Amino acid sequence: MTAVVALALLAGCSGQPTRIVLATTTSTQDSGLLDELVPRFTDATGIAVKTIAVGSGQAIELARRGEADVVLVHSPADEEALVADGATGRRLLVMHNDFVLVGPDDDPAGVAGADVDDALETIAATGSPFVSRGDDSGTHTKELALWSVTGTDPAGDWYVETGQGMAATLRVADERRGYALADRATYLSQADTLALEVVVEGDPGLLNVYHVIEMTAAAGDRVEADGAAAFADWIVSDPAQETIGAFGAGEFGRPLFVPDAGKDLADLTG
Amino acid sequence: MTSGIGCRDLVVRAGGRTVLDVPSLEVVAGTTLAVLGRNGAGKSTLLRALALLAAEREGTVLLDGTPATRQRVRTAVAAVLQRPVVRRGSVRHNVASGLLLRGHGRAKAHAAAAAWMDRLGIAHLAEQQARSLSGGERQRVALARALAVRPRVLLLDEPFAGLDATTRTDFVADLRAVLDDPGLATVLVTHDRDEAAALAGCTALLVDGRLRQVGPTSSVLDHPADADCARLVGFANVLSPELTGLRRTVVCRPEHAVVSAAAPTRKGALVVAGRLVRIVPLGGITRVDVTAGRDGDVALSGLVAGEVPAPLRAEEPGAAVSVSFAHQHLRDVPA
Amino acid sequence: MDVLVEGFVEAWRLLVSGDEGIWAVTALTLQISLAAAALAVLLGVPLGAAVALHRFWGRRLVLAAANTGFGLPPVVVGLFVTVLLWRSGPLGFLGLLYTPLAMVVAQAVIATPVVVALAATALQQVDPDFRPQMEALGATRARSFAALLGEARLPLLAASMAGFGAVVSEVGAAIMVGGNIEGETRVLTTAAVLATNRGQFALAIALGLVLLLLAFGVNLVLTFVQQRESLR
């Protein structure tokens with residue numbers, strides 16, 4: 001029986017049309033957007049996609065090694081480092097959403113409505129509990145960048161790192177009645193089970209920008225450069241951008257992402 | 001050579017030692033050979049070597065006079081090892097398993113099994129789990145299993161070990177009937193000379209891995225070839241020339257040694273002086289142990305039915321006694 | 001607490017409504033873990049037999065390694081297998097990463113030490129004279145080995161169940177090596193992790209319950225076979 005199963009599986013993965021490996025982040029997958037987008041891409045181009053959702057850091061590392069053909073991440077500093085390695089093709093702006101600072105409904109640190117850097121400084125000064133993902137993800141990288149702007153080094157009993165995904169981290173923040181930085185999409189999808197509220201939003205520093213980066217054969221012999229280019233082309237095309245712009249509107253009352261293809265980074269506002 | 005099993009220059013080593021060395025042996029079809037020896041003498045080793053089961057074996061096993069291959073031994077030989085190994089399952093399944101393992105069909109195997117269960121008196125146990133049987137019943141199962149394959153050579157390793165007296169007597173009788181088969185050569189390993197006498201036409205005495213004596217059972221049991229053989233077949237009293245003044249060593253069974261307090265002058269008897277060690281009543285018979293010889297290092301013993309005579313009974317350990325051996329009960333041994 | 005109740009309700013609903021997604025994921029879980037367990041038994045029983053029955057140099061090392069393998073973190077196995085199957089890895093040319101076959105391989109690696117250690121114990125408990133006696137009755141070496149396996153079939157079946165149990169519930173290797181790709185390599189455990197990450201707790205619990213039911217079902221069948229044997 002093993003032989004039959006093995007042969008069937010083996011037959012199933014050879015002799016197929018092009019497949020590409022898309023490395024993306026867990027939060028992107030968790031939002032559910034890819035479940036909408038990827039099948040449409042396959043319908044449009046006939047190219048099958050293996051979507052691997054891991055942390056930003058891992059996704060970029062996979063791309064660097066040529067294990068992934070195209071990445072969709074939101075970690076600008078790491079992305080620029082990847083491009084600097086010289087094995088990438090185009091890096092295109094796809095969409096953005098924003099991060100929000102969430103906290104307990106009674107806002108013990110009193111930071112509601114403030115600018116994000118002031119809010120963080122106050123949280124650190126008052127030693128209010130703050131829960132970080134601590135996993136080198138895009139969200140974590142953004143959080144650390146925000147801390148460094150305030151000049152505060154987050155450390156102490158009040159600062160906790162979960163090493164886990166966004167949903168798990170929010171639950172921990174909920175349990176400890178602390179603050180956290182979250183992408184709006186994940187927060188919205190969990191909001192009804194959490195006692196956390198948005199305390200700071202709309203700050204330009206809270207933009208969460210997604211780029212698609214296509215890899216070339218320079219990264220590895222087996223990179224599907226054509227398929228990667230096809231994906232990059234498609235995700236910035238009108239049909240894909242429309243899908244992105246409509247995603248989540250029904251469920252959450254507002255779309256979770258803002259399509260940005262073709263824009264300049266400087267043009268983006270919250 | 002006629003049909004049967006044998007060996008030539010058979011040597012088995014274990015852990016650097018030679019545990020078996022048999023230059024030649026032959027067991028003809030229609031006969032049974034008993035291999036008698038103490039524990040550790042190499043009897044089981046010999047049996048396993050004949051079944052081609054021994055690991056470090058040199059020399060040749062002969063089947064019908066020609067060197068035997070594994071294939072021929074598998075077909076012609078069946079062995080029952082010590083401590084009957086029964087498989088999970090019913091008695092019927094066990095008895096049939098020899099045939100099943102040889103590739104015969106279920107129907108045929110079970111039919112043969114039924115016949116042999118009848119012959120060995122275990123038909124009433126057919127559906128019982130073999131593992132739940134008593135020792136004697138298991139032996140019968142193991143034997144039935146081996147016989148069911150109709151071997152031309154049957155090798156039995158101490159089939160009566162661990163059986164109580166009654167069970168053993170019954171089993172000996174049943175086995176005797178079964179072994180009376182002109183097409184069957186049997187090798188029976190045992191440490192009991194009564195079993196050898198009951199079942200085997202020929203007996204071989206194995207001492208420290210070597211065959212010291214082979215011959216018809218009655219003569220082997222009554223005329224041992226040397227001192228070791230003598231002790232093996234029950235001639236516990238070994239009298240060297242220094243002790244007796246005779247030219248050769250003589251041996252005598254304890255049953256024929258008469259210990260008395262006085263010094264008898266008996267015609268036709270050899271008398272040896274010694275000191276009493278102990279008198280041990282053994283329920284119906286009494287054993288008397290004596291030391292003799294210049295240094296008191298020769299152990300002699302006598303066995304008497306009932307109680308010892310009164311004069312002897314009164315003696316203390318250390319008392320001077322004499323042991324007399326009637327000439328007709330003495331046997332000469334070369335060494 | 002209501003999440004648990006919701007989970008039960010959701011599990012019931014999914015199963016009864018014949019939800020395609022759930023059945024596909026469940027079927028894949030069963031295929032992959034059964035194939036892995038079967039592979040582990042095919043490799044592990046002979047290896048366990050070798051360890052149990054032969055004296056060879058390093059025998060106790062192998063046994064200790066097998067017993068250690070019991071506690072191998074699936075994530076570690078997943079990592080090793082992933083690195084082997086990477087495009088840049090030694091077996092990259094096979095293109096097996098992120099496929100069900102890769103998951104079968106990784107899970108087989110996890111289950112094999114379990115089977116080896118338990119099979120060795122199972123076979124050591126049979127009388128050492130068993131094979132010689134069977135051969136003394138005329139069995140070939142192959143037949144006597146088969147008889148030996150048959151003799152130890154109860155604990156060998158237990159070893160197989162343990163191997164299956166070790167892999168059907170693991171998630172570390174499955175996610176690393178399979179990639180949790182919908183419709184291709186998503187199994188009950190990895191789907192549950194995803195659901196949890198998305199905050200869909202009732203669904204996650206439902207998936208967990210389906211997994212328990214699946215594992216129970218398989219073990220029920222094997223236990224029936226095992227216990228029927230023991231009554232014979």
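In the predicted model, the buried residues of α5(B) pack against five elements of chain B, namely β6 (77-80), α3 (91-101), α4 (106-119), β7 (153-157) and α6 (165-179). Burial extends over 12 of the 14 residues of α5(B), so the helix is largely enclosed by the rest of the structure. The buried positions are E137(B), R138(B), Q139(B), R140(B), V141(B), A142(B), L143(B), A144(B), R145(B), A146(B), L147(B) and A148(B). Helix α5 of chain B covers residues 135-148, and at 1.5 Å a residue a span of 20 Å is expected for its 14 residues; the C-alpha atoms at its ends are 20 Å apart, so the two values agree. After α5(B) comes R150(B), with a positive phi near 55 degrees.

Chain B is divided into two parts, domain 1 (4-231) and domain 2 (235-333). A distance of 38 Å separates the C-alpha centres of domain 1 and domain 2 of chain B. In the contact between them, domain 1 of chain B supplies 7 residues and domain 2 of chain B supplies 7 residues. On the side of domain 1 of chain B that touches domain 2 of chain B, 4 residues are nonpolar, 1 is polar and 2 are charged.

Chain B also touches chain C, in a contact made of 17 residues from chain B and 16 residues from chain C. On the side of chain B that touches chain C, two or more residues are given by each of α2 (70-76), β6, α3 and α5 of chain B. That side of chain B comprises 9 nonpolar, 3 polar and 5 charged residues.

In chain C, helix α7 (residues 141-151) has S144(C), A147(C), L148(C) and E151(C) as its buried residues. These residues lie on the same side of α7(C), because the arc that they cover around the axis is only 105 degrees. An α-helix has 3.6 residues a turn, so residues three or four places apart point the same way. The packing partners of the buried residues of α7(C) are found in two chains: α3 of chain B, and α5 and α6 (130-136) of chain C.

Of the 2 pairs of chains in contact, the pair that shares the most contacts is A and C. This contact involves 20 residues from chain C and 22 residues from chain A. On the chain C side, the elements that give two or more residues are α2 (20-53) and α5 (100-124) of chain C. The largest share of that side, 5 residues, is contributed by α2(C). By class, the residues of chain C that touch chain A comprise 10 nonpolar, 8 polar and 2 charged. Chains A and B, by contrast, do not touch, and their nearest C-alpha atoms lie 26 Å apart.

Chain A contains 12 helices and 10 strands. Its radius of gyration is 20 Å, close to the 18 Å that the globule rule gives for 270 residues, so chain A is as compact as a globular protein of that length. Along the principal axes, the C-alpha atoms of chain A fill a box of roughly 60 × 50 × 40 Å. Buried residues make up 47% of the 270 residues of chain A. Among the contacts in chain A with a separation of 6 or more, 76% join residues 24 or more positions apart.

Methods: Residues numbered from 1 in each chain as written. Chains lettered and ligands numbered in written order. Predicted model: local features only at pLDDT ≥ 70, side-chain atom pairs only at ≥ 80, totals over all residues. Helix = DSSP H or I, 4+ residues; strand = E, 2+ residues; numbered from the N terminus. Nonpolar A, V, L, I, M, F, W, Y, C, P; charged D, E, K, R; others polar. Domains from an automatic or database assignment. Rg over C-alpha atoms; globule rule 2.2 N^0.38 Å. Buried ≥ 20, exposed ≤ 12 C-beta atoms within 10 Å, placed from the backbone. Expected span 1.5 Å × (residues − 1). Arc of directions from axis to C-beta.
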